[in-house]
Structure formats: structure tokens, C-alpha cells
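User: I'm new to this one and would like to get my bearings. Could you walk me through it, one question at a time?

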Amino acid sequence: MTSKQQPKLFTPVQIGDLHSTPPLLGLHTGVDRQGTGDRQQKNKLKEYLMNTPVVLITGALTGIGRATALAFAKEGACIVISGRRDEVGQELVAELRTFGAEAEYWRADVRHEDDVRSLVDKTVARFGRLDVAVNAAGTEGKPGSVTEQSAESYAATFDTNVLGTLLSMKHELRVLLPQRHGSIINVSSTYGQTGAAGASIYAASKHAVVGLTQSAALEAAESGVRVNAVAPGPIDTGMLTRFTGTDERKAGLVSTVPLKRLGKPEEIAQMIVFLASDKASFSTGATFAADGGKTAR
Ligand SMILES: NC(=O)c1ccc[n+]([C@@H]2O[C@H](COP(=O)([O-])OP(=O)(O)OC[C@H]3O[C@@H](n4cnc5c(N)ncnc54)[C@H](OP(=O)(O)O)[C@@H]3O)[C@@H](O)[C@H]2O)c1
């Protein structure tokens, strides 16, 4: 297939054919990008940045966020990953660069507005704009019945899952709305659509993510910015292992899934890449399930 026949996944700034613009360009192969006299290389870098979507991911160091970063790297995107563990962040940046992607890690705790503001500002300072934001940071909180919960356990879960999503969208939209293009994907859950015995606060927080997504989508629609959410079912990540606690409970959860297996983080990542792309150009304010049929029951 020639580059002209390749399907377009993104059209950031009306240019992008990711596959026709080789993402590699020797950017991480020891080429001196600041070197004098290398005008051609500088022009290639400029062209690369113009043609390549800039993707920001919170909660990017593990699980679904990490799989999403790798999926965008394989698409040749410029990627900013953020999280709270610097060493792990730098290791993932190195891995993303092996795919030829431009990648940066910046520390951000999504509960703190200064962190989130700075993360978005640094992204724009580094890459000139923002095209896609994936808000994957989340916590399972403290499992247990409603009668066991407290104001503290409520705040611990809502501060990350709800306030974190709100602050992330606030600062992402600060950039996306004036650009008049871009896409945000929040991570809700099947528990954003149903109740969850033993996970009431988590379920409430993921319902809130759906409400934030729908409201932001309505506010952003006039500018052409799209805001959607994914609703994963049980996905094989550290969070699910912490949430279930034992292999028996994990197996019990699998038995509730019509496809009779856990999802893989990569399966959620692929849906996120699709929602970010021009192939999902008429979708906004929607929540897309990837749950092995769990919510079809
Ligand atoms: N796994 C599932 O079955 C499932 C199902 C539905 C929805 N989800 C959602 O999917 C998203 C990703 O979860 P996952 O399954 O991939 O689990 P995970 O591996 O535990 O990922 C959660 C990530 O969020 C980060 N994080 C937590 N609090 C943060 C904060 N205050 N600021 C910045 N980062 C923070 C964590 O970093 P630290 O290591 O620093 O805590 C971690 O990297 C979450 O929103 C989760 O609710 C998961």
C-alpha cells in the first residue's frame, strides 16, 4: 500500500496522515537537533511536529494509561505522559521513543490544580499545541459497603476521579477551545452506569465522570472539540487486582462477563485511539462500553 492509500486516522491542523509522515526522522538516533548548518533536519523536525498529533495522558504509567501511551506511540504521535513516579515515567518515555515517538514525562498529581495547569502549559510550550487528552488517572478507593465509608474515603476517591477529571478538562479545554479542534477522552467504567455493591463511592465517582463528560461536550461542541468517555468492564490491571483482592474474587468477576474473560488494557487503548481519531468525528458526549458484554445483561 502506498502512503497515499493509507487511511487517515487523525487530521491535526488539517494535515495529518500519520502513516505518510514517517514518525522516525532520526529524532532519537543521536542526531544533533540543535546543530548549526543542519537546516534540513530542523525543517524535518518542524514538519514532523506540524503533522503529528500531540497527545496528553494522565495516569499514564500503568495499566490502561500505559497501554494507551504505547498505542499512540505506534501511531507516531507526540506524547506527554504524566504520573507521580518519576523513575517509572522516564522509563516509559524511553520505551515510547523506541517507536520513534516524541515523548516527554512530567509529574502531575491530578488532585492539584497547579500540577495540572503546569502539565498542560509545558505540553503546549514543548509541542506548540494539544490535539488529544486522555484522562486515565483514577483510584479504586476503599472497597466496602456504604455503612463502612467515611467522609475521608469519599474525598480520597472523588478528589482523584472527579476533581482530577474536572481539573484536567478545565486546563485541556483552555487550550483546545481557542484552537477549535481536539478531542478529550475520559475514563469512566461500567460502574459509571450501574450500581456496584462494595464499591459505592467508586461507582458514584464514575457516574460523575459521565456527567462531566456530557456537560463538557455540550459546552465544547460549538468549537468543534469533542469530549467522550470510555466505560471499561473488568480489565486486567493492578487496579483490578487490588480491587478484587483474591484470585477467587477475580474469577467471580470474570463469571459475570458474557465473554468470560478479563479485558486487556490494550483493548481499551484501541478504543481510545479510535475515539481520538477522525474516524469518530461525529461522536461527542458519549460513553463507549468495552466490557465483554457486561452491561448488556
Ligand atoms: N481495571 C479496570 O477493571 C477498570 C475498569 C473500569 C475503569 N477503570 C479505570 O481506568 C483508569 C485506569 O485504571 P487502571 O485499571 O489502568 O489501573 P491502574 O494501573 O491502577 O492505573 C491508575 C493510574 O492512575 C494513577 N493515579 C492515581 N491517582 C492519581 C493522582 N491523584 N494523580 C495522578 N495519577 C494518579 C496511578 O498512579 P499511581 O501509581 O501513582 O497511583 C495509576 O498509574 C482508572 O480511571 C480506572 O478507574 C479501570
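User: How do the residues of the shell around the ligand divide into nonpolar, polar and charged?

Analyst: Quick heads-up before we start: this is a predicted model. The shell around the ligand has 28 residues. Sorted by type, they come out as 11 nonpolar, 13 polar and four charged.

User: Which of the residues around the ligand come nearest?

Analyst: There are 28 residues around the ligand, and five names stand out by distance. Those that come nearest are G59, G63, G138, T237 and M239.

User: And which elements give two or more residues to the shell around the ligand?

Analyst: We want helices or strands that supply at least two residues to the shell. The ones that pass are α2 (63-74), α5 (151-179) and α7 (238-244).

User: Let's stay with α2. How far does α2 reach from its first C-alpha to its last?

Analyst: Start with what you'd expect: α2 has 12 residues, and at 1.5 Å a residue the expected span is 16 Å. The model comes close to that, with a reach of 17 Å.

User: How many residues of α2 are buried?

Analyst: Buried here means 20 or more other C-beta atoms within 10 Å of a residue's own. In α2 that includes G63, I64, R66 and F72. The helix is mostly covered, and of its 12 residues the buried count is 10.

User: What is the orientation of α2 and α9 to each other?

Analyst: Helix α9 covers residues 265-276, and its axis lies 8 Å from that of α2. The two pack at an angle of about 55°, and α2 passes α9 in a right-handed crossing. An angle that falls outside the parallel, antiparallel and perpendicular ranges counts as oblique. The two helices are therefore oblique.

User: Now the backbone. Which residue just after α2 takes a positive phi?

Analyst: Most residues other than glycine have a negative phi. The one to look at just after α2 has a phi of about 85°, and it is G76.

User: Is R180 buried or exposed?

Analyst: R180 sits in the loop between α5 and β5 (183-187), and its phi is near 65°, a positive value in a residue other than glycine. For burial, the cut-off for exposed is 12 or fewer C-beta neighbours. R180 has 11 inside 10 Å, so it counts as exposed.

User: What about K260, buried or exposed?

Analyst: K260 is in the loop between α8 (247-254) and α9. Its phi is positive, about 60°, although K260 is not a glycine. With 10 C-beta neighbours inside 10 Å, K260 counts as exposed.

How values were computed:
Residues numbered from 1 in each chain as written. Predicted model: local features only at pLDDT ≥ 70, side-chain atom pairs only at ≥ 80, totals over all residues. Near = placed C-beta within 6 Å. Helix = DSSP H or I, 4+ residues; strand = E, 2+ residues; numbered from the N terminus. Nonpolar A, V, L, I, M, F, W, Y, C, P; charged D, E, K, R; others polar. Expected span 1.5 Å × (residues − 1). Axes fitted to C-alpha atoms, helices over the stretch in contact; angles between N-to-C directions. Parallel < 35°, antiparallel > 145°, perpendicular 65-115°, else oblique. Left-handed = near helix turned anticlockwise from the far one by under 90°.
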